[in-house]
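Work through the exercises below with the model open beside you. Try each task before reading its solution.

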Amino acid sequence: MAASVVAASLIPKNQKIFAVSADSTLVEVIQLLAERRILSAPVVERLAADGGRPSDVLGFIDLFDIISYVLLAYTEDHDTVDGTHFRLWCQNLRTLQYRGRVFANHAVRDCINMSGLNPFKAVAPGAALSDVLSVFASGVHRVAVTDGTAMVGVVTHMDVMRYFAQHPELYQPIAYKTLADFGMVGSCDQISTIRDDSRALHGFHHMHQEKVSALAVVNNVGVLHNTLSVSDLKCLREENFPDLLLPVDEYLKKNFPHRPAVPRTEPTTTFAEATTFLSSSGVHRLWIVDEFRRPIGVLSLSDVMRIIREQLLAV
């Protein structure tokens, strides 16, 4: 049954595409992403006057691209702090505030796919689910659906998972396999982590280097108690640019004071239970912990896409 699903059916009902002009500033884009609770936006040469469908799309801008730009401003090949390369001036708050103004006013057109992780990919409305998942398998997190003249929608990992949550019969063959059955469980040293007393900038640098979208935040004995993810850049503005030099724990408490408890589960959790939680909560990953609450695995939306592709579609 999964083989009969097409791209158009994966687009959420009444989806509104929030495109940005190529001449928008980075801070304007970050504000849009935060307000609309989205992680990316298509960039166009000019916005449609009537708010119509985006055409002449130059690409997507996402938070990984913004991380890349931040690190371009911050880092160089020497002067390390906590193992991360920093420019000498980044320890000076006055200079840092100036760089925040430069960052805030930089044009989006120069940052499209700066990370190299999410190039613009498109499929037709009638493209099969297997085609969409093949695009995802190349590493991208979203795919445009175009009819030849304009973008009619965007399909993300979360959209696919929510479609399956609404049609649980589609993944019935694998619903009751556990996360351990899928090889999602390893050891503590295999998980990308950061200490809660390390600088937030160090964490974003680590994500950029490791090409991961989140880190498990642990204390001095390795116990999980938070997550630092690319979406945590949504709070960045000209005035709080220096917050990136705060310890991770302080950065998160200051900028996200009402964040819910970090989502975690056990190796025996079933695929159906895990995907139901991800779909209903809207979070993008579920940390798998041992009996001491140390992270030993993670189920991300990318992993869910891979499992559906390999286990249900055999592609």
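The exercises go from the whole chain to its cores and then to one sheet.

This is a predicted model, in which local features need pLDDT of at least 70, side-chain atom pairs count only at pLDDT 80 or more, and totals for chains, interfaces and linings use all residues. Residues are numbered from 1 along each chain as its sequence is written, and side-chain values use heavy atoms, with hydrogens and water left out.

**Exercise 1. Describe the overall make-up of the protein.**

Step 1. Take the secondary structure: the protein has ten helices and 14 strands. These are DSSP runs (helices H or I, at least four residues; strands E, at least two), numbered from the N terminus.

Step 2. Take burial: 48% of the 315 residues count as buried. Buried means under 20% relative accessible area, with a 1.4 Å probe and protein chains only.

Step 3. Look at contacts (heavy atoms within 4.5 Å). Of those with a separation of 6 or more, 63% link residues 24 or more positions apart.

**Exercise 2. Find the largest nonpolar core and the elements that build it.**

Step 1. Apply the rule: a nonpolar core is a set of buried Ala, Val, Leu, Ile, Met, Phe, Trp, Tyr and Cys residues joined through side-chain atoms within 4.5 Å.

Step 2. Count: the largest core has 42 residues. L129, F136, V155, V160 and F164 have the most contacts inside it.

Step 3. Assign the elements. Those giving two or more residues include α5 (129-137), α6 (157-166) and α10 (301-312).

Step 4. Follow L129. Beyond its neighbours within four places in sequence, L129 contacts A2, V5, V6, L10, V160, F164 and L313.

Step 5. Look elsewhere: apart from this core lies another, of 37 residues, with V43, C111, L201 and F204 among them.

Step 6. Set this in context. In soluble globular proteins, nonpolar side chains tend to be buried together.

**Exercise 3. Count the disulfides, then check C111 and C235 for burial.**

Step 1. Search for pairs of cysteine sulfur atoms within 2.5 Å. The count is zero disulfides.

Step 2. Read off the areas. C111 is buried, at a relative accessible area of 0%. C235 is buried too, at 13%.

**Exercise 4. Trace the three-stranded sheet and place α9 on it.**

Step 1. Order the strands. The sheet is open and mixed, and runs β12-β13-β14. Pairing requires at least two DSSP bridges between two strands.

Step 2. Mark the edges: β12 (264-265) and β14 each pair on one side only.

Step 3. Inspect one pair. β13 and β14 run antiparallel, joined by five bridges. I288 stands opposite G297 in β14.

Step 4. Add the helix. α9 lies across β13 and β14, at about 135 degrees to β13. The angle, on a scale from 0 to 180 degrees, is between N-to-C directions of axes fitted to C-alpha atoms, for helices over the stretch in contact.

Notes. Buried < 20%, exposed > 50% of the residue type's maximum accessible area, 1.4 Å probe, protein only.
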